[in-house]
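Q: I should like to learn how to read the features of a protein model one at a time. Could you guide me through the one shown here?

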Amino acid sequence: MRDVRRSRLIPGVLVLAIALAGCAKPPVGAEGPSAVIETRTVAVRVRVEIAETSEVRERGLMHRTTLAEDAGMVFLWPEDTRSAFHMKDTLIPLSIAFFDAEGRILATLDMEPCRADPCPTYDPGVAYRGAIEVGRGALARWGVTVGDRIRIVR
C-alpha cells in the first residue's frame, strides 16, 4: 500500500526548494558589474554601469533624478586622458574619483548639478585612465582618499 501523505509531501518540498533557489543571492559579480574601492580600512563594493564608448561617456548620468547609495557609473578610456567633466543636464550632485591604469586613485572632486550654460568643468589636473561617479559625499563617507585603489569586476 502506498503512503499518500508521503507522495503529497515530496512535490511540496520540491516546489519549496525551487522557490528558495530563485531567492538565493547570486555569486559575487553575477549581479552585474561592480567597482571595489579599497581604502586603508575597508573595501566598498559599488554597483556600476560602465561607460566605455564616447557616446555613453558623453551622456553619463544626465537627466537622472536618483542614484542608489551603492551605485554609480565608471568611465573608462583605452588610454590616458585629460578630459574635464561637466554637469550639464545632470540633476543630482555627484562625487568623482579619477584613477590610473593600475586603479590607483589620483584625485577626487565634488560636483554640482548644472541646468544652463555656462556650466563649470571639473578637471582633476592629472592624466587618468578612468573615473567613477557616485552620489555626492559617498567617497567621503567611505573614507576614499588619493592613493586608494579601485578595481572593476565585470
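A: The discussion below proceeds from the overall fold to individual side chains. Please note that the model is predicted.

Q: How many helices and strands does the chain contain, and in which pattern do they follow each other along the sequence?

A: The chain holds three helices and nine strands. Along the sequence they follow the pattern α-β-β-α-β-β-β-β-β-β-α-β. Of the 154 residues in the chain, 36% are buried. Among contacts with a separation of 6 or more, 71% join residues that are 24 or more positions apart.

Q: How is a sheet to be read, and in what order do the strands lie in this one?

A: Strands of a sheet pair through backbone hydrogen bonds, in either a parallel or an antiparallel sense. Here, seven strands make an open sheet with mixed pairing, in the order β6-β5-β8-β3-β2-β1-β9. At its edges stand β6 (105–111) and β9 (149–153); each has a single partner strand, so one side of each lacks a neighbour in the sheet. On average, neighbouring strands of this sheet are turned by 30 degrees against each other, direction ignored.

Q: In which sense do β1 and β9 pair, and over how many bridges?

A: The pairing of β1 with β9 is antiparallel and extends over five bridges. Ser 34 is placed opposite Val 153 in β9.

Q: How does one describe an aromatic pair, and how many are found in the whole structure?

A: The description of a pair of aromatic rings rests on the distance of the centres and the angle of the planes. A search of the whole structure gives five aromatic pairs. One of them is formed by Phe 75 and Phe 85, at 5.1 Å centre to centre with 90 degrees between the planes, an edge-to-face arrangement. Phe 75 belongs to strand β3 (residues 71–81) and Phe 85 to strand β4 (residues 85–86), so this pair ties together parts 10 residues apart in sequence.

Q: Why is the pair of Phe 85 and Phe 98 classed as edge-to-face?

A: Planes over 60 degrees apart count as edge-to-face. The planes of Phe 85 and Phe 98 stand at 80 degrees, with the ring centres 5.7 Å apart, and the pair is therefore edge-to-face. Since Phe 85 lies in strand β4 and Phe 98 in strand β5 (residues 94–99), the pair ties together parts that are 13 residues apart in sequence. Phe 85 is buried at a relative accessible area of 8%, and Phe 98 is buried at 0%. One aromatic cluster comprises Phe 75, Trp 77, Phe 85, Phe 98 and Tyr 128.

Q: Which cysteines form a disulfide, and why is it called left-handed?

A: The search of the whole structure finds one disulfide, which joins Cys 114 to Cys 119 with an S to S distance of 1.9 Å. The torsion about its S-S bond is about -85 degrees, so the disulfide is left-handed. Cys 114 is buried at 9% relative accessibility, and Cys 119 is buried at 18%.

Q: Where is Thr 39 found, and which residues does Thr 39 touch?

A: Thr 39 sits in the loop between β1 (34–38) and β2 (43–51). With a relative accessibility of 12%, Thr 39 counts as buried. A polar atom of the Thr 39 side chain lies 3.2 Å from the backbone nitrogen of Thr 41. Leaving aside residues up to four places away in sequence, Thr 39 touches Trp 142, Gly 143, Val 144 and Asp 148.

Key: Residues numbered from 1 in each chain as written. Predicted model: local features only at pLDDT ≥ 70, side-chain atom pairs only at ≥ 80, totals over all residues. Heavy atoms only, no water. Phe/Tyr/Trp six-rings, centres within 6.5 Å; stacked < 30°, edge-to-face > 60°. Helix = DSSP H or I, 4+ residues; strand = E, 2+ residues; numbered from the N terminus. Buried < 20%, exposed > 50% of the residue type's maximum accessible area, 1.4 Å probe, protein only. Disulfide = S-S within 2.5 Å. Polar contact = N/O pair within 3.5 Å; in protein donor to acceptor, adjacent residues only side chain to side chain. Contact = heavy atoms within 4.5 Å. Pairing = 2+ DSSP bridges. Axes fitted to C-alpha atoms, helices over the stretch in contact; angles between N-to-C directions.
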